[in-house]
Amino acid sequence: MSVSTLRLCDAHNHLQDERLGPHLESILQELPRANVEWMVVNGSCEEDWPQVRELARRVPQVIPSFGYHPWYVRERSEHWKQTLTGLVDSVPAAIGEIGLDKWIRDHDLPLQEEVFVWQLRMASERNLPVSIHCLQAWGRLLEILKREPRPACGFVLHSFGGPREMIGQLADLGGYFSLPGYFAHERKERQRETFRHIPPDRLLVETDAPDQCLPEARIEFPLPPGSNGKPLNHPANLRAVYAFAAELLEEPLEQLAQQVHENFQRAFATLIKR
């Protein structure tokens, strides 16, 4: 397999994010040039679920994912469950981004758990892959995953930053571990060391675009800063994230890409049509 024929899969991004809106048409044109075969586009709340669905209708590479992110659970409407169920029943989709977050200020962990568990159970009933966000709540997340039903196809630990000691237990429960380019920054040595111990058949790769930018020297597809002056991550930088992963794991890029492709196909088999 040559670099030009790599088949790359982005396990987690937010292509619907309004910050990418001004650049969307050029982004879509550049995805094939960057060898992007699939991307899981994650909704975070009722407000952006329609945009995710429209992108899935329009863009062949998009696998839609709908869920309530722990940051926004207080904003949910009284009909959120019906809305989410309706979306998932109307289009092949994953569940996410969902999870637990004790890092955010004034977090309400019991409320986060209530919303998370309901969505996890729905995913399990339909055997849909789940994208899980977790910050500073790994012990509690593990308890819930052990206690609750889980989708047979597994779940994705987005930008996995948990302790190395949990890898085995999470993998046994069906977990996949997704590596972002952000971990290429020098200060992320702990996270890089953790990923050196991920089982090869459980590794995924993500951009988390428009967030979690690579170090500037690794960026292949730059974007202008957002209106707040902060950098934006182009989804086509996925290839550069794979290059970082291959370097980190000391594997040929083509070999790593093939392994990640197999893992992605297994995790998202219920949603991939080709």
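Two strands are taken to pair if DSSP finds at least two bridges between them. In this predicted model, strand β7 (residues 175–180) meets that criterion with two partners. With strand β8 (residues 203–206), β7 pairs in the parallel sense over four bridges, and L179 stands opposite V205 in β8. With strand β6 (residues 155–157), the pairing of β7 is likewise parallel and extends over three bridges; here G175 of β7 is the bridge partner of F155.

The connections between these strands run through helices. Helix α6 (residues 167–172) forms a right-handed β-α-β unit together with β6 and β7. A right-handed β-α-β unit is also made by β7, α7 and β8.

Strand β7 is mostly covered, six of its six residues being buried. In a regular strand the side chains alternate between the two faces of the sheet. In β7, G175, F177 and L179 point one way, whereas Y176, S178 and P180 point the other way, and all are buried.

The largest pocket of the model encloses about 1600 Å³ of space. Its lining comprises 47 residues, of which R19, W71, D208, D211 and Q212 are the closest to the centre. By class, the lining consists of 19 nonpolar, 15 polar and 13 charged residues. Both β5 (130–135) and α7 (189–195) supply at least two residues of this lining, and the largest share, three residues, comes from β5. Helix α7 thus appears in two settings: in the lining of the largest pocket and in the β-α-β unit with β7 and β8.

How values were computed
Residues numbered from 1 in each chain as written. Predicted model: local features only at pLDDT ≥ 70, side-chain atom pairs only at ≥ 80, totals over all residues. Heavy atoms only, no water. 1 Å grid on protein atoms, 1.4 Å probe; cavity = no way out; pocket = protein on both sides within 12 Å on 5 of 7 lines; lining within 4 Å. Points joined across faces, edges and corners; volume = space filled by probe spheres on them. Nonpolar A, V, L, I, M, F, W, Y, C, P; charged D, E, K, R; others polar. Buried < 20%, exposed > 50% of the residue type's maximum accessible area, 1.4 Å probe, protein only. Right-handed = clockwise from strand over helix to strand, strands pointing away.
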